[in-house]
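Here is a short report on one helix and one strand residue. Please look over the sequence and structure first.

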Amino acid sequence: MKLVLGNLVKFYRRILRDHSQPVKISNIADFERTSVSYEQRVLNENWTFDNKPRDVETGNEVAPNNDFVIRYLILERRLSAYKGSDLWEYVRKFVNSRNFTSILSIGSGPCAVEMEIAQGFVRDYQWDCIDLNENLIRQATKRAQALGYNLQPIVGDINQKKFDKPYDLIVAVASLHHFVELEKLFLSVSNALKPDGEFVVYEPICKSGMFLFRRQRLLLALLFLFLPKKYRLNHQDYGAEKRCDRFYNEYDRSGWTFECIRSGDIPQLLKAGFKVKHWGRGMTFLRRVSDSVYGPNFDLRKKKDNLIVGFFCLLDRFVRFFRLVPVEGLFFIGKRK
Ligand SMILES: C[S@@+](CC[C@H](N)C(=O)[O-])C[C@H]1O[C@@H](n2cnc3c(N)ncnc32)[C@H](O)[C@@H]1O
């Protein structure tokens, strides 16, 4: 009896009970109620992005020994596409359909995405790119100059920045989930868009703090129950140690940087701030098994690993299609209201 009760309590605590950030963050002032100040988080954020493994030529983040994450990203980009175009292709078509396009990227990092997209431009453009990280912006400036892209990388804090010119396109790739002052930002974006301008976004929209939705947690618990140990090795959260997790390791990933600081607020704020042209739903749980935490456990050259990965992809498509589990990714295109 005691054992059954103990297991029920454990099941409730680990699987059924929802978790959230200890302090709900809605603006910069809210950090005063946490143990890590805004200024300290800026330093931590920059340190984190300075130390990510990157491709030396493009500056793009790479995932060593992890092909699964590429497979997940390809699938998500395809399924969330607008009339067959993912964000990359959509921006190219937009620019190539007019004489001149002024573009702004917010949270552009090393501008690797921007340069990859601009490779396909056949019309004139000017692309301003803002990021908090001075080192990444310096590298982006060098690369853009060397390769002849018309990019203007700028160091700036999006939470405190006003845009001083109008744009045809404003782009955010995997950056909104690092911003705090989303209400002010969306208002500035809307004001900075030309009347026929568009806000184009590709974003993780998981719960703030990167916590799991309950149905996602239940599904992952079920999968983890059947997954052999070697696929549950955690490559990220315990320093050099590779510990095996019984359940998905859920904790506040926004604790010391801006990672997913308000990701859960993005969908409703986008809907409130813009006229929706496209709402491309991404995947549900696939990121959680394929990213740097557990992704390196799957070696796609091995038949068994490949089968498991194929099964995960199919299962995600199934639960996504029938809306059994909330999605964690979004390709959004919006216009001024
Ligand atoms: C996940 S990275 C995405 C970078 C790039 N868009 C990409 O797709 O490779 C998030 C970026 O947001 C930037 N960032 C975080 N907080 C910011 C802020 N307040 N203002 C401007 N950039 C910020 C980080 O420096 C980082 O480069």
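Which residues are buried in α11? They are V309, F312, D316, V319 and R320. Buried means that 20 or more other C-beta atoms lie within 10 Å of the residue's own; exposed means 12 or fewer, partly exposed in between, with C-beta atoms placed from the backbone. These buried residues cover an arc of only 100° around the axis, so they sit on the same side of α11. The arc is taken from the directions from the helix axis to the C-beta atoms. In an α-helix there are 3.6 residues a turn, so residues three or four places apart point the same way.

This is a predicted model: local features need pLDDT of at least 70, side-chain atom pairs count only at pLDDT 80 or more, and totals for chains, interfaces and linings use all residues. Residues are numbered from 1 along each chain as its sequence is written.

The other side of α11 holds the exposed K303, K304, L307, G310, F311, L314, F318 and F321. The partners of the buried residues are tabulated here.

| Element packed against the buried residues of α11 | Residues |
|---|---|
| α3 | 68–79 |
| α8 | 214–226 |
| β8 | 274–281 |
| α10 | 286–290 |

Helices (H or I, at least four residues) and strands (E, at least two) are DSSP runs, numbered from the N terminus. After α11 comes R323, with a positive phi near 55°.

Now the strand residue. D124 lies in strand β2 (residues 124–131). D124 counts as exposed because it has 12 C-beta neighbours inside 10 Å. Beyond its neighbours within four places in sequence, D124 is in contact (C-beta atoms, placed from the backbone, within 7 Å) with N99 and F100.

Notes:
Contact = placed C-beta atoms within 7 Å.
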